[in-house]
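User: I should like to learn how strand burial and strand pairing are read from a model. Please take me through the reasoning step by step.

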Amino acid sequence: AVQSCSAFVFFITKGILESTWCMQELRWAVELGKNIVLVRETDPRHGGMYMKDFLEEVPADLKPLFENTIAIPWYREKGFR
């Protein structure tokens with residue numbers, strides 16, 4: 001799926017870096033030169049965390065990606081809960 005996509009969306013939540021499959025797909029997207037869109041959950045009830053705290057957990061090989069790409073904050077509207 002990563003090979004055939006034109007953009008790769010990575011949804012930042014607490015614990016995402018512990019997912020072997022999510023990290024593998026992200027690394028494939030980087031290796032294949034895909035456009036990567038970062039979206040960050042803001043609600044702590046749904047795994048939201050501050051970007052500063054997330055960056056402390058990012059593996060060294062992926063740090064430049066997260067430091068040089070703006071993550072779009074995902075806000076949950078009350079009407080959609």
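Analyst: A residue counts as buried when its relative accessible area is under 20%. The model shown is predicted. By that criterion strand β2 (residues 35-41) is mostly covered, with 5 of its 7 residues buried.

User: Which side chains of strand β1 are buried, and which are not?

Analyst: The side chains of β1 (residues 7-12) alternate between two faces. F8, F10 and I12 point to one face and are buried. A7, V9 and F11 point to the other face and are not buried.

User: How many bridges join β1 to β2?

Analyst: Two strands are taken to pair if DSSP finds at least two bridges between them. Here β1 and β2 run parallel and are joined by 6 bridges. Within this pairing F10 stands opposite L38, and F11 stands opposite V39. The chain passes from β1 to β2 through helix α1 (residues 20-31), in a right-handed β-α-β crossover.

User: Which strand is joined to β2 by 3 bridges?

Analyst: That strand is β3 (residues 72-74), which runs parallel to β2. In this pairing R40 of β2 stands opposite P73 of β3.

Note on methods
Residues are numbered from 1 along each chain as its sequence is written. This is a predicted model: local features need pLDDT of at least 70, side-chain atom pairs count only at pLDDT 80 or more; totals for chains, interfaces and linings use all residues. Side-chain values use heavy atoms; hydrogens and water are left out. Buried means under 20% relative accessible area, exposed over 50%, partly exposed in between (1.4 Å probe, protein chains only). Helices (H or I, at least four residues) and strands (E, at least two) are DSSP runs, numbered from the N terminus. A crossover is right-handed if, with the strands pointing away from the viewer, the path from the first strand over the helix to the second runs clockwise.
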